[in-house]
Amino acid sequence: MANITSQLVDRRSHARSLLERQARVLIEDAENHRSIFHKLDARNLLLYEFYYSSVACCTRRIALAVLLLLPFFEWPSSLTLSSDLRLQPQRPRLPCGVTEAIEAGCIVILLIDSTILAVVFGRISLLHNPWLLGRFILFPVYTIDWAVSLCMGCNEFYRIRRFLRPYFLISGSQMMKKLLKSLKRTLPKLLSTLFLLLFWLVCATLVALCLLARPPDVSPPHTSVFTQLSNSFPDFYTSMFNLLVLLTTANHPDGESCRCFLVSLFMLVTVVTAVDPNLQRL
């Protein structure tokens with residue numbers, strides 16, 4: 001009877017400690033804006049706590065940092081002692097397999113990291129998480145490209161895995177995901193504004209060619225004036241480029257003869273800014 005009572009007490013204490021751990025983990029998830037759709041049994045809670053421990057987070061960040069810094073040391077390397085091209089500086093080249101071994105270690109760490117997340121959240125959550133699912137799709141491609149590099153003696157110039165490395169940084173950062181969502185949401189507005197500015201440049205160029213082109217017969221006293229205007233707007237391409245310079249206000253003193261275009265440009269930018277004030281926050 002005493003043994004049964006002690007077993008019941010142990011089970012109750014174990015259940016109470018499990019509930020306390022679950023409550024603590026859920027509170028931490030809410031505080032750090034993390035997903036709460038993960039498993040809450042004892043084994044998965046242990047994996048989840050290990051995943052967000054300081055040691056695991058530091059290891060994951062170091063692996064990502066090393067993986068993103070490897071292109072500076074891989075062939076063809078961009079590191080030189082001097083930026084003077086006349087000296088023809090020799091670019092350092094590490095033996096084949098050094099950077100690949102470091103890269104393999106970083107990829108193994110990221111693979112373990114992704115596997116822990118997949119186990120903790122389960123198959124259903126994995127299928128509804130495109131960022132985590134994309135990691136498991138890219139891992140075989142990355143491994144094949146890494147093996148091809150070793151087979152070719154690290155002499156291949158194009159490496160597909162270099163374009164895949166930023167994905168691991170984006171998929172593991174909530175801030176990067178929010179940034180991409182913000183860019184996706186504001187991209188149509190930015191494109192429409194750029195199209196409006198391009199349309200204004202084309203229209204202003206056509207008006208400049210019609211109004212400021214050199215007439216066929218010019219009297220001698222006005223030859224210098226029309227020559228100056230025609231030099232600013234000789235053809236469509238040059239005229240559009242000059243107006244683009246005025247648009248960036250990089251050559252403002254040369255626009256004294258085009259005050260009407262400067263005034264219209266100011267009105268256009270003012271109207272665009274007033275139409276959508278949200279563009280000022282970008």
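Me: Which helices does the cover over the buried residues of α6 include?

Reply: The model is predicted, so to speak of local features requires pLDDT of at least 70, while side-chain atom pairs count only at pLDDT 80 or more and totals for chains, interfaces and linings use all residues. Residues are numbered from 1 along each chain as its sequence is written, and side-chain values use heavy atoms, with hydrogens and water left out. Helix α6 (residues 161–171; helices are DSSP runs of H or I with at least four residues, numbered from the N terminus) has R161, L164, R165, Y167, F168, I170 and S171 buried, where buried is under 20% relative accessible area with a 1.4 Å probe and protein chains only, exposed is over 50%, and partly exposed lies in between. By contact, meaning heavy atoms within 4.5 Å, what covers these residues includes α3 (54–69), α4 (98–127), α5 (130–151) and α7 (174–211).

Me: What percentage of the residues in the chain is buried?

Reply: The chain has ten helices and zero strands. Of its 282 residues, the buried share is 27%.

Me: How many nonpolar residues are there in the contact of α2 with α4?

Reply: Helix α2 (residues 42–51) and α4 pack at about 145 degrees with axes 10 Å apart, the axes being lines fitted to C-alpha atoms over the stretch in contact and the angle running from 0 to 180 degrees between N-to-C directions. In this pairing, R43, N44, L47, Y48, F50 and Y51 in α2 meet D113, I116, L117, V119, V120 and F121 in α4. By class, where Ala, Val, Leu, Ile, Met, Phe, Trp, Tyr, Cys and Pro count as nonpolar, Asp, Glu, Lys and Arg as charged, and the others, Gly among them, as polar, the contact has two charged residues, one polar residue and, as nonpolar residues, nine.

Me: Why does C154 count as buried?

Reply: C154 lies in the loop between α5 and α6, and not counting residues up to four places away in sequence, C154 touches W75, R93, C96, G97, E100, S149 and R159. C154 counts as buried because its relative accessibility is 6%.

Me: How far apart are the end C-alpha atoms of residues 94–124?

Reply: An unreviewed UniProt entry places the feature "transmembrane region" at residues 94–124, 136–158 and 190–214, and such annotations may be inferred rather than shown by experiment. Over residues 136–158 the chain is 70% helix and 0% strand, with end C-alpha atoms 22 Å apart. Residues 94–124 are 87% helix and 0% strand, and their end C-alpha atoms are separated by 44 Å.

Note on methods:
Helix = DSSP H or I, 4+ residues; strand = E, 2+ residues; numbered from the N terminus.
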